[in-house]
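Hi there,

Here is the structure I promised to pass on. Have a look at it first, and then read my notes below.

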Amino acid sequence: MAAMIHARLKLARDDFSLDVDLQLPGRGISALFGHSGSGKTTCLRCLAGLERAPEAYIEVNGEIWQDSRREHFVAPHQRPIGYVFQEASLFAHLSVRANLTFGYKRIPAQQRKVSLEQACALLGIEHLLERKPATLSGGEAQRVGIARALLSSPQLLLMDEPLAALDGPRKREILPYLERLHSELDIPLIYVSHAQDEVARLADYLVLLEQGQVQASGPIAATLARLDLPLAQGDDAGVIIEGQVSAYNSDYQLLSLQLPHSDLQLRVAHEPLAVGMPLRLKVQARDVSLSLGADQHSSILNRLPVTVSGHRPADNSAHVLVSLDAVGTPLLARITRYFFRRPAQAARRASAVGTDQVGGTAGLTLQTIGQAPSAAARKWRRRCSCKTWPPLEKPFSETHLGYHAEKFPIFVQPPYACGYGQHSLFGSAHPANRHLRLKTHYRICVRGN
């Protein structure tokens, strides 16, 4: 039987009610994500026993901590948990070493899962052991607090926004240590946060809370890629890719990452890593553009074949979110609503671009990838007299589907030139062709410069 954490919690207050049924993996990092007041900390306090929900059932890897129907409740001090708060809350009169051993020495030797030396090495605090808390930076104090929680030998580690009180540099200082806990210790961790970058970097499983209820839950890669969730609406929208290092170019310090489920690869600027190592990568929706042709004359580093699988409005009236499938790997693109709603007009204004200058006279043929034209499309194309489109007098400066810089032209298909019936991106004479079409194949460009 797979290890699981089951928490069914129901409580009501004057201005807030919580009603959730959480089914979390018994390994790895599960994140509770949501705005302030959504119930994240209340869930964590109920798991720790610091708050007793009137109706609750809590089971952690086969051990029942609370069952309100049977009036069974395990007291907080009897639950094998480690709790990390927003503030380190160290004993000011004790040294770092004494803070760490305060609870550690009360754990029987045969029950200790993490040694003092191991905890110090994992959090990089060996050089701080003789110092007092008043002399520590915020990041150092929080690392000591995390080490103290580990030394309680918990079966479950709870972290309530441990980086919320820290500035950007201190957060970046601690995140690698939290990643080490994930990779080197077999202790399940429930991580509360409202910062999407932290969750994307650390979590394996994501629970989205809204007004005391579960809005969505699931593996983080699939959940972040869902267009129907608020996570996809903001400027930080993006997807997680769990790839594997396939090569490294030391001359340009570029790492090649093979995508799962396919032979596709991404190149990213990164320090050297051994071939075969797993690596997590977040691709922001704002860094993805769409193209019908192989645009080679730009600073775009990565080009992947994708299929459009859905779309919906973004959090502002200027953009649209498009979901993509890159041979089994989900991606998101944030493109302009102007292009989404008016592709035919954009096509009429587009220029053919030469190989060595903006606004050159060379012709350009663009078409969808991997689709044969239907009989209706072939009949329509025979009626089309326009096969190319003359260049503009000056470069077209509208952003190309949400990314390309102003100095680069838009590469779009001339109207009527390559219509593929109902699957065409362009084709102004047919009402059904005025929007991006589902199941149509495109190429995307992921920023690499």
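**What I found**

The protein has 10 helices and 20 strands in its secondary structure. Bear in mind that this is a predicted model. Of its 449 residues, 50% are buried. Among contacts with a separation of 6 or more, 65% are between residues 24 or more positions apart.

**The six-stranded sheet**

Let me start with an open sheet of 6 strands, ordered β7-β8-β9-β3-β10-β11, where the pairing is mixed. Its edges are β7 (81–84) and β11 (213–219); each has a single partner strand, so one side of each has no neighbour in the sheet. From one strand to the next, the twist averages 15°.

If you want to see a parallel pair in this sheet, go to β3 (residues 29–33) and β10 (residues 205–210), which are joined by 4 bridges. Which residue of β10 is the bridge partner of serine 30? That would be tyrosine 205.

There is also a helix to look at here. Helix α4 (residues 138–150) lies across β7 and β8 (156–160), and α4 runs at about 170° to β7.

**The four-stranded sheet**

Another open sheet has 4 strands in the order β14-β13-β12-β15, with antiparallel pairing. Here the edge strands are β14 (265–269) and β15 (278–284), each paired on one side only. Neighbouring strands in this sheet are turned against each other by 50° on average, ignoring direction.

You can walk through the pairs one by one. Strand β12 (residues 238–249) runs antiparallel to β13 (residues 254–258), and 5 bridges join them. Valine 245 is the residue opposite leucine 257 of β13. Moving on, β13 and β14 are also antiparallel, with 5 bridges between them. In that pair, serine 256 sits opposite arginine 267 of β14.

β13 and β14 make a hairpin with 6 residues between the strands, and histidine 261 in this hairpin has a positive phi near 70°. As for β14 itself, which residues are on its covered face, and which on its uncovered one? Leu266 and Val268 are on the covered face, while Gln265, Arg267 and Ala269 are on the uncovered one. So that you can place Arg267: this is the arginine opposite serine 256.

**Two helices that pack together**

Next, take helix α3 (residues 116–123) and helix α5 (residues 168–184). Their axes are 8 Å apart and they pack at an angle of about 130°, which makes α3 oblique to α5. On the α3 side the contact involves Ala121, Leu122 and Leu123; on the α5 side it involves Tyr177, Arg180, Leu181 and Glu184. By type, the residues of this contact are 5 nonpolar, no polar and 2 charged.

**The cysteines**

How many disulfides does the structure hold? The number is 0. Take cysteine 43 as a case: why is there no bond to cysteine 46? The sulfur of cysteine 46 is the closest cysteine sulfur to that of cysteine 43, but the distance is 6.7 Å, which is too far for a bond. A pair would have to be within 2.5 Å to count as a disulfide. Cysteine 43 is also buried, with a relative accessible area of 0%. Cysteine 120 is buried too, at 3%.

Best wishes

Methods. Residues are numbered from 1 along each chain as its sequence is written. This is a predicted model: local features need pLDDT of at least 70, side-chain atom pairs count only at pLDDT 80 or more; totals for chains, interfaces and linings use all residues. Side-chain values use heavy atoms; hydrogens and water are left out. Two strands pair if DSSP finds at least two bridges between them. Helices (H or I, at least four residues) and strands (E, at least two) are DSSP runs, numbered from the N terminus. Axes are lines fitted to C-alpha atoms, for helices over the stretch in contact, and angles run from 0 to 180 degrees between N-to-C directions. Buried means under 20% relative accessible area, exposed over 50%, partly exposed in between (1.4 Å probe, protein chains only). Angles under 35 degrees count as roughly parallel, over 145 as roughly antiparallel, 65 to 115 as roughly perpendicular and the rest as oblique. Contact means heavy atoms within 4.5 Å. Ala, Val, Leu, Ile, Met, Phe, Trp, Tyr, Cys and Pro count as nonpolar, Asp, Glu, Lys and Arg as charged, and the others, Gly among them, as polar.
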